[in-house]
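Got a model to look at, and want to see where the labels come from? Let's go through a few of them.

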Amino acid sequence: MNLFTDTGTLMDSGLPAPIGRSAIEAQMGSLLGAVDYHFQPVSAVSSADGRVVFVKARNFGTVGPESGPPGPAFDYITTHRLVLDGAKVEQGRRFWDQTELFRSLNPGLPNLFASLPAVRPAEPRTRDRLTAWNTRDSAALVEGVDDAVRLTGPGLGPQGLTGKREMRAYLERFFTRVHDLRLEPGNTVRRGPVTYREWVGHAELSKEGGAKRTITYGITERFTRDARGDVAWDLAFETLDLVADECEIGNLRRLLFPQLPECPSGA
């Protein structure tokens, strides 16, 4: 907890609003009591003044406390956006796909991107990236992409994919479950060959055939240009709400946080 200032807050997938220091401590204590958890930073990119930092990290371990027999294994990537006050975190936000953790507890959770739809050629309707996300304009989001660009993101595995049509198909699959995006620009950090962009707000979404609901939502994009000029595009967002309904998600979270209320009978 020495990572946070006394007034520091954390925003995470599934939370309606940021939580403060005591709630962060309670959440982490519950999680660390339920899993043998390891955190491995992969990279950190800061703004020129050092106030805003994006950290990419690997999270791995097994469900079940360290002292007990090992349970199902998990291994997933998170992106953390930190706004610092000196050396401590004043505002933290985590972007990740909860499905990658909870699939270790429920292997039946589907991968939304296991198969991708055929897409017809389309012209971009905007040149503004925020508008492209909020209007679900996949053609605008991949404008300028060539075969040297590699996209990684939820459901794609470490190999990612290449090709403008394939990337549009990936985004179009995402948009089949995201019915409305109301995002605003968050923080942007450019340092050397890396650019991070953060989009935060709300989304109306549903699992297939499920009821629509509006939740807080966020997306980060990372663009990295290597020495040869090739670009890697990395997306971080959550898909659990796109493959499970509110009650199913509550049942999964209670396996790690048993203090959470049970889903109402008949929900």
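Below are some questions and answers on this predicted model.

Q: Why is the chain called as compact as a globular protein of its length?
A: With 7 helices and 11 strands in the chain, the radius of gyration is 19 Å, and the globule rule gives 18 Å for 267 residues; the two values are close, so the chain counts as compact in that sense. The C-alpha atoms fill a box of roughly 50 × 50 × 30 Å along the principal axes.

Q: What share of the residues counts as buried?
A: That's 47% of the 267 residues, where the label needs under 20% relative accessible area. As for what is left on the outside, the chain exposes about 13500 Å², with carbon and sulfur atoms supplying 51% of it.

Q: How many aromatic pairs are there, and why is the pair of Tyr 37 and Phe 74 called stacked?
A: The count comes to 12 aromatic pairs. For Tyr 37 and Phe 74, the ring centres are 6.4 Å apart, and a pair needs them within 6.5 Å. Their planes sit at 20°, and under 30 degrees counts as stacked, so stacked it is. The pair also links distant parts of the chain: Tyr 37 is in strand β2 and Phe 74 in strand β4, 37 residues apart. Both Tyr 37 and Phe 74 are buried.

Q: What makes the pair of Tyr 170 and Phe 237 tilted?
A: Here the planes are at 50°, which is neither under 30 degrees nor over 60, so the pair lands in the tilted class. The centres of the two rings are 6.5 Å apart. Tyr 170 is in helix α5, while Phe 237 is in the loop between β11 and α6, 67 residues apart. Tyr 170 and Phe 237 are both buried.

Q: Which residues do ring pairs link into a cluster?
A: Tyr 170 and Phe 237 belong to it, along with Phe 113, Trp 133, Phe 174, Phe 175 and Tyr 217.

Q: Why is Arg 165 called exposed?
A: Arg 165 has a relative accessible area of 54%, and the exposed label asks for over 50%, so Arg 165 qualifies. Arg 165 is found in helix α5. Leaving aside residues up to four places away in sequence, Arg 165 touches Val 119 and Pro 121.

Q: What share of the contacts with a separation of 6 or more joins residues 24 or more positions apart?
A: Such residues account for 54% of those contacts in the chain.

Technical notes
Residues numbered from 1 in each chain as written. Predicted model: local features only at pLDDT ≥ 70, side-chain atom pairs only at ≥ 80, totals over all residues. Heavy atoms only, no water. Helix = DSSP H or I, 4+ residues; strand = E, 2+ residues; numbered from the N terminus. Rg over C-alpha atoms; globule rule 2.2 N^0.38 Å. Buried < 20%, exposed > 50% of the residue type's maximum accessible area, 1.4 Å probe, protein only. Contact = heavy atoms within 4.5 Å. Areas by Shrake-Rupley, 256 points an atom, 1.4 Å probe, with all protein chains shown as cover. Phe/Tyr/Trp six-rings, centres within 6.5 Å; stacked < 30°, edge-to-face > 60°.
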